[in-house]
Amino acid sequence: MKRLLLLACFAFILLSCSGGNYEQVAYYKNDFNFRVFVYVTPETDLGKIRQHAEKQTYTSGSTTAVYYYNELVGSTKSVTFAKDAMDAQDRACTKECIAGYWKFPTGKVSFYANPYGED
(Lines give C-alpha, C1' and ligand atoms only; values in the text may rest on other atoms or scores of the structure.)
Protein backbone atom coordinates (compact mmCIF):
# COMPACT_ATOMS: atom_id res chain seq x y z
CA MET A 1 0.00 0.00 0.00
CA LYS A 2 2.84 2.41 0.86
CA ARG A 3 4.49 1.67 -2.47
CA LEU A 4 1.30 2.41 -4.34
CA LEU A 5 0.83 5.69 -2.48
CA LEU A 6 4.46 6.65 -3.10
CA LEU A 7 4.11 5.81 -6.79
CA ALA A 8 0.91 7.87 -7.05
CA CYS A 9 2.60 10.85 -5.36
CA PHE A 10 5.58 10.58 -7.68
CA ALA A 11 3.33 10.45 -10.76
CA PHE A 12 1.37 13.49 -9.55
CA ILE A 13 4.58 15.47 -8.99
CA LEU A 14 5.91 14.50 -12.40
CA LEU A 15 2.73 15.52 -14.18
CA SER A 16 2.27 18.78 -12.29
CA CYS A 17 5.87 19.84 -12.93
CA SER A 18 5.89 19.05 -16.60
CA GLY A 19 6.32 22.00 -18.91
CA GLY A 20 3.42 20.95 -21.09
CA ASN A 21 3.68 19.74 -24.62
CA TYR A 22 5.87 22.23 -26.49
CA GLU A 23 7.78 21.11 -29.57
CA GLN A 24 10.50 23.43 -30.79
CA VAL A 25 10.31 23.44 -34.59
CA ALA A 26 12.77 26.24 -35.40
CA TYR A 27 15.53 28.28 -33.80
CA TYR A 28 17.62 31.20 -35.00
CA LYS A 29 20.55 32.89 -33.26
CA ASN A 30 22.93 35.48 -34.66
CA ASP A 31 26.37 36.65 -33.50
CA PHE A 32 24.73 39.21 -31.20
CA ASN A 33 22.67 36.55 -29.37
CA PHE A 34 19.41 37.68 -30.97
CA ARG A 35 17.29 34.56 -30.66
CA VAL A 36 14.05 33.50 -32.35
CA PHE A 37 12.25 30.37 -31.17
CA VAL A 38 9.22 28.75 -32.81
CA TYR A 39 7.12 26.23 -30.90
CA VAL A 40 4.09 24.09 -31.73
CA THR A 41 1.82 23.25 -28.83
CA PRO A 42 -1.75 22.09 -28.24
CA GLU A 43 -1.82 24.54 -25.30
CA THR A 44 -4.39 27.34 -25.57
CA ASP A 45 -4.01 28.91 -22.11
CA LEU A 46 -2.10 32.14 -22.80
CA GLY A 47 -0.87 32.28 -19.21
CA LYS A 48 0.79 28.89 -19.54
CA ILE A 49 2.24 29.83 -22.93
CA ARG A 50 3.72 32.99 -21.44
CA GLN A 51 5.24 31.02 -18.57
CA HIS A 52 6.89 28.74 -21.12
CA ALA A 53 8.18 31.73 -23.12
CA GLU A 54 9.70 33.32 -20.03
CA LYS A 55 11.87 30.22 -19.57
CA GLN A 56 13.56 30.54 -22.97
CA THR A 57 17.20 31.56 -23.22
CA TYR A 58 17.82 35.28 -22.99
CA THR A 59 21.15 37.10 -23.07
CA SER A 60 21.23 40.45 -21.29
CA GLY A 61 21.52 43.28 -23.82
CA SER A 62 20.05 41.23 -26.66
CA THR A 63 16.58 40.11 -27.79
CA THR A 64 14.68 36.86 -27.49
CA ALA A 65 11.52 36.38 -29.57
CA VAL A 66 9.28 33.32 -29.14
CA TYR A 67 6.38 32.43 -31.43
CA TYR A 68 3.71 29.78 -30.75
CA TYR A 69 1.46 27.78 -33.05
CA ASN A 70 -1.20 25.14 -32.43
CA GLU A 71 -0.10 23.25 -35.53
CA LEU A 72 2.98 23.18 -37.69
CA VAL A 73 3.14 25.81 -40.41
CA GLY A 74 5.70 24.86 -43.06
CA SER A 75 7.27 28.28 -43.50
CA THR A 76 8.18 28.59 -39.82
CA LYS A 77 10.71 25.75 -40.11
CA SER A 78 12.78 27.97 -42.40
CA VAL A 79 13.45 30.38 -39.51
CA THR A 80 16.62 28.44 -38.77
CA PHE A 81 18.00 29.40 -42.18
CA ALA A 82 17.09 33.10 -42.09
CA LYS A 83 19.68 35.58 -43.42
CA ASP A 84 19.31 37.91 -40.43
CA ALA A 85 17.21 38.56 -37.30
CA MET A 86 14.51 40.53 -39.11
CA ASP A 87 14.16 37.81 -41.73
CA ALA A 88 13.90 35.22 -38.94
CA GLN A 89 11.09 37.17 -37.27
CA ASP A 90 9.28 37.67 -40.57
CA ARG A 91 9.39 33.93 -41.19
CA ALA A 92 8.39 33.12 -37.58
CA CYS A 93 5.30 35.34 -37.40
CA THR A 94 2.54 34.29 -39.75
CA LYS A 95 -1.22 34.76 -39.53
CA GLU A 96 -1.52 31.33 -37.87
CA CYS A 97 0.65 32.38 -34.92
CA ILE A 98 -1.36 32.17 -31.67
CA ALA A 99 1.06 34.05 -29.38
CA GLY A 100 4.31 35.98 -29.44
CA TYR A 101 6.73 36.94 -26.69
CA TRP A 102 9.65 39.36 -26.86
CA LYS A 103 12.28 40.23 -24.29
CA PHE A 104 14.28 43.24 -25.45
CA PRO A 105 17.83 44.47 -24.69
CA THR A 106 16.44 46.77 -21.98
CA GLY A 107 14.76 43.81 -20.26
CA LYS A 108 11.29 45.03 -21.28
CA VAL A 109 8.87 42.21 -22.11
CA SER A 110 5.95 42.15 -24.55
CA PHE A 111 3.44 39.33 -24.97
CA TYR A 112 0.58 39.30 -27.46
CA ALA A 113 -2.09 36.88 -28.57
CA ASN A 114 -2.26 36.66 -32.37
CA PRO A 115 0.75 38.94 -32.94
CA TYR A 116 0.44 38.90 -36.72
CA GLY A 117 -2.60 41.14 -36.41
CA GLU A 118 -4.81 42.48 -39.13
CA ASP A 119 -3.54 44.35 -42.18
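**Buried cysteines, a buried glutamate and a nonpolar core**

Trainee: In this predicted model, is Cys97 buried or exposed?

Mentor: The relative accessibility of Cys97 is 0%. Because the cut-off for a buried residue is under 20%, Cys97 counts as buried.

Trainee: How far from Cys93 is the nearest cysteine sulfur?

Mentor: Cys93 is buried as well, with a relative accessible area of 15%. The structure nevertheless holds zero disulfides, and a pair of sulfur atoms would have to lie within 2.5 Å to count as one. Cys93 is in no disulfide, since its nearest cysteine sulfur, that of Cys97, lies at a distance of 4.8 Å.

Trainee: Which side chain of opposite charge is nearest to Glu43?

Mentor: Glu43 sits in the loop between strand 2 and helix 2 (46-54), where a polar atom of its side chain lies 3.0 Å from the backbone nitrogen of Asp45. Its contacts beyond four places in sequence include Tyr22, Ile49, Asn70 and Ile98. Glu43 is buried yet has no salt bridge, because the cut-off is 4 Å, and 4.5 Å separates Glu43 from the nearest side chain of opposite charge, Lys48.

Trainee: Which helix gives two or more residues to the largest nonpolar core?

Mentor: The largest nonpolar core has 19 residues, and Val36 and Tyr67 are among those with the most contacts inside it. Strand 1 (23-29), strand 2 (35-40) and strand 3 (64-69) each give two or more residues to this core, as does helix 3 (85-92).

Trainee: Which alanines does Val36 touch, leaving out residues up to four places away in sequence?

Mentor: With those sequence neighbours left out, Val36 touches Tyr27, Tyr28, Tyr67, Val79 and Gln89, among others. The alanines that Val36 touches are Ala26, Ala65, Ala88 and Ala92.

Note on methods. Residues numbered from 1 in each chain as written. Predicted model: local features only at pLDDT ≥ 70, side-chain atom pairs only at ≥ 80, totals over all residues. Heavy atoms only, no water. Core = buried A, V, L, I, M, F, W, Y, C linked by side-chain atoms within 4.5 Å. Buried < 20%, exposed > 50% of the residue type's maximum accessible area, 1.4 Å probe, protein only. Helix = DSSP H or I, 4+ residues; strand = E, 2+ residues; numbered from the N terminus. Contact = heavy atoms within 4.5 Å. Lys, Arg positive; Asp, Glu negative; His and termini not counted. Polar contact = N/O pair within 3.5 Å; in protein donor to acceptor, adjacent residues only side chain to side chain.
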